[in-house]
Amino acid sequence: MNKRSRSYTKWNLSDGSALAIEPKTLRKGDTVFRCHSRFLQDGTPQGSWYFSSSSGRFDLSAPEGTLNTAEDRFGAVLESFSSLLVGRSWVRREEVASRTLVALEIPTAAELTDLRSGSALMAGVVPGELTGGYGSYIRTQSLAAVVHSSQRVGLAAPLRFGSAFRQDGYYIFGESGPQNFPAGQELAISTALGEMGYVIVNSPTSTEITLMS
């Protein structure tokens, strides 16, 4: 069978056209949600206000970085666990213990470029293409760089992993690395998972995995 190549819309945005896209304003005190690993890869504890300049979907290059948040706790959890939940009704207890779910208050008003909007579509940004797999996130990172150049402080976009509970993501720009903002309120990941119908289990055997799947 011949494989058909998948084509994507070209995002030839300039700073000006990015600025013309409808904004999404987060007000001071608005709540966003973040679910993330408790530790960085080198074992250093990771605070919730960590702006990544690594390989994330909308990460900026250092010295700038991007804070990944969601408008809803369910979306934050789905985004963090990502493929671990695809096609499953359960999650390992150690995966839950290695993460934290936090409600954060926006410290200052932030005007984001709303890539979910009709004006973004008119500019050639198709929301569905923002959630697909590309092998890498070079295209979406380049899009984030253009938005950053337009003097907006972040972007709003669909989260990658969908369900009936899926909400959208807010990707906020700032200085790369950990930042000293109020820590926020930790929430129970187990509660969010349970409300979405997932069961937390001890590390199952291969036979148990087959039965649960």
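Visitor: Which residues does Arg99 touch, leaving out those up to four places away in sequence?

Guide: In this predicted model, the list for Arg99 runs through Cys35, His36, Ser37, Arg38, Ser80, Phe81, Leu84 and Ile189. Arg99 itself belongs to strand β6, residues 99-105.

Visitor: Is Arg99 buried or exposed?

Guide: Buried means under 20% relative accessible area. Arg99 comes out at 9%, so it counts as buried.

Visitor: Now for the pockets. How do I find where empty space is left?

Guide: The trick is to roll a probe the size of a water molecule over the atoms, and that shows where empty space is left. Here, the largest pocket holds about 900 Å³ of space.

Visitor: Which elements give two or more residues to its lining?

Guide: Those are β2 (31-37), β4 (64-70) and α2 (73-81). Strand β2 has the largest share, at five residues. The lining has 30 residues in total, and Arg34, His36, Gln46, Ser52 and Asn68 are the ones nearest the pocket's centre. His36, by the way, is also one of the residues Arg99 touches.

Visitor: What is the chemical make-up of that lining?

Guide: Sort the lining residues of the largest pocket by type and you get ten nonpolar, 14 polar and six charged.

Visitor: And what about the second largest pocket: how much space lies there, and what lines it?

Guide: About 180 Å³. There are 14 lining residues, with Phe51, Pro107, Thr108, Ile172 and Phe173 nearest the centre. Strand β9 (residues 168-175) contributes the most, four residues. By type, the lining of this second pocket splits into ten nonpolar, three polar and one charged.

Conventions: Residues numbered from 1 in each chain as written. Predicted model: local features only at pLDDT ≥ 70, side-chain atom pairs only at ≥ 80, totals over all residues. Heavy atoms only, no water. 1 Å grid on protein atoms, 1.4 Å probe; cavity = no way out; pocket = protein on both sides within 12 Å on 5 of 7 lines; lining within 4 Å. Points joined across faces, edges and corners; volume = space filled by probe spheres on them. Nonpolar A, V, L, I, M, F, W, Y, C, P; charged D, E, K, R; others polar. Buried < 20%, exposed > 50% of the residue type's maximum accessible area, 1.4 Å probe, protein only. Contact = heavy atoms within 4.5 Å.
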